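Thanks for coming, everyone. Let me walk you through a structure that is new to most of this group. Please look at the screen.

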Amino acid sequence: ADIAMYEAKRKGKNQVVFFSGEQNDAIEYRLYVEQGLFNAIENKDLHARFQPIVDTENRVVALEALCRWHSQDIGDIHPESFIPIAEETGMINAVGLKMLKEVCIACVTLREAGLGQIKFHVNVSILQLNSKLMVSQFLEYLEDFDVKPEALVLEVTESAMHDVGTRKVLRELAKSGFSIALDDFGAGYASVSELGESYTSIIKLDKSLAPGEDKSSQKNIIAESIIQLCQRLNKAILLEGIETQKQADFARQAGCHYMQGFYFSEPLTLTDAISFIQQE
Ligand code: C2E
Ligand code: MG
Ligand code: MG
Ligand code: MG
């Protein structure tokens, strides 16, 4: 593996990595990602898809930007397998800014199409929040495109809230006009006290809380109770991962404000997202 790593490093950016041998697979994949991601950010291989978020009347209120990497060599790579590596190598800041740029362009495109009321959700890594420059960098970026922070919802996972420093950054972002959403609530080790943080205005309930077939299941009771708790805390509630009509009905009845999932739409290209909105 050491030799493979050395060889790959020596060959530089345009090298081709061959995947062979079980033990080396992981490390070779890592190397491929580390080197390929750098190039992908420069060209269009790393891009955004947009998944609609709807209200209880099925009107699109927002689009969530989800990054996609199309690798020339190994096809589509999903964020779950490259975001952690981007975080470890510090490349996450570049990924984040590239996504922010795409979102700003998308924002302007929608505004010009008369759809300026649609908000954009952007996933932000906890590591981006560690940078003191992040807030000013984000604001500068937006200014270049004449986009207001109010047009954006920043999605962070609960791990971002365990740290005093990142909480301070989140508070600053909220003060600057961004909305903050707590993503994947219920998936990790989130504590309920985090629901009460003043800077979060939207709680996204993780898809593992989307109900199953049995209406009186424990899972549904938990989901309903969390929704009630969020309501009492005056948070907007979004249930993600909705795949069936039944789950959408559950979300509405339980008092969710917003819904998202393959039942409504998968992540789309911007052009397709615009036609999706205009079809309504
Ligand atoms: P997430 O932010 O919680 O996004 C939701 C994920 O669930 C997306 O996967 C989406 O495609 C998928 N999804 C949507 N509807 C459904 C459904 O009905 N059923 C099921 N089973 N899945 C559904 P994706 O695009 O692969 O993204 C995975 C995760 O990667 C995201 O989870 C987010 O944490 C991270 N991610 C994506 N884009 C970015 C980015 O630009 N920056 C950062 N830092 N993280 C990102
Ligand atoms: Mg998200
Ligand atoms: Mg989520
Ligand atoms: Mg997630």
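Start at the metals. Asp 183 bridges two magnesium ions, ligand 3 and ligand 2, and the ions lie 4.0 Å apart. Keep in mind that this is a predicted model.

Is Asp 183 buried or exposed? Asp 183 is buried, because its relative accessibility is 7% and the cut-off for buried is under 20%. Its chain neighbour, Asp 184, is partly exposed, with a relative accessible area of 25%.

Now take the ions one by one. Which residues hold the magnesium ion, ligand 2? The protein donors are Glu 64, Asn 123, Glu 155 and Asp 183. They lie 2.0 to 2.3 Å from the ion. Along the chain, the spacing of these donors reads E-x58-N-x31-E-x27-D. Two of these donors link distant parts of the chain: Glu 64 and Glu 155 are 91 residues apart. Glu 64 sits in strand S2, residues 60–71, and Glu 155 sits in strand S5, residues 152–157. Both of these glutamates are buried.

Next, the magnesium ion called ligand 3. Its protein donors come from Asp 183, Asp 184 and Glu 240, with Glu 240 listed twice through OE. The distances run from 2.0 to 2.5 Å. Here the spacing is D-D-x55-E.

On to ligand 1. How many residues surround ligand 1? The count is 23. The closest are Arg 68, Asn 123, Lys 207, Glu 243 and Phe 262. You have met Asn 123 already, as a donor to the magnesium ion, ligand 2.

Let me give you some distances. The side chain of Arg 68 has an N or O atom 2.8 Å from an oxygen atom of ligand 1. For the side chain of Asn 123, the distance to an oxygen atom of ligand 1 is 2.9 Å. Gln 51 places a polar side-chain atom 3.0 Å from a nitrogen atom of ligand 1. How much of ligand 1 does the protein bury? Taken alone, ligand 1 exposes 790 Å², and the protein buries 87% of that.

What kind of space is this? Ligand 1 takes up the largest pocket. Three elements give two or more residues to the shell around it: S2, helix H3 (79–89) and strand S6 (179–185). S2 gives the most, with four residues. S2 is also the strand that carries Glu 64.

Now to the loops. Glu 57 lies between strand S1 (46–55) and S2. Glu 57 counts as exposed, because its relative accessibility is 55% and exposed means over 50%. The side chain of Glu 57 makes a polar contact with the side chain of Arg 59, at 3.0 Å. Glu 57 and Glu 280 are 223 residues apart in sequence. In space, C-alpha to C-alpha, they are 11 Å apart.

Last topic: backbone angles. Most residues other than glycine have a negative phi. Asp 146 has a positive phi, near 55°. Asp 146 sits in the loop between helix H5 (134–144) and S5. Asp 146 is partly exposed, at 47% relative accessibility. Asn 234 also has a positive phi, about 60°, and is not a glycine. Asn 234 is in the loop between helix H7 (218–232) and strand S8 (236–239). Is Asn 234 buried or exposed? Asn 234 counts as exposed, with 71% relative accessibility.

That's my tour. Over to you.

Terms used: Residues numbered from 1 in each chain as written. Chains lettered and ligands numbered in written order. Predicted model: local features only at pLDDT ≥ 70, side-chain atom pairs only at ≥ 80, totals over all residues. Heavy atoms only, no water. Donors = N, O, S within 2.8 Å, 3.2 Å for Na, K, Ca; no water. Buried < 20%, exposed > 50% of the residue type's maximum accessible area, 1.4 Å probe, protein only. Near = heavy atom within 4 Å. Polar contact = N/O pair within 3.5 Å; in protein donor to acceptor, adjacent residues only side chain to side chain. Areas by Shrake-Rupley, 256 points an atom, 1.4 Å probe, with all protein chains shown as cover. 1 Å grid on protein atoms, 1.4 Å probe; cavity = no way out; pocket = protein on both sides within 12 Å on 5 of 7 lines; lining within 4 Å. Sits in = over half its atoms within 2 Å of the grid points.
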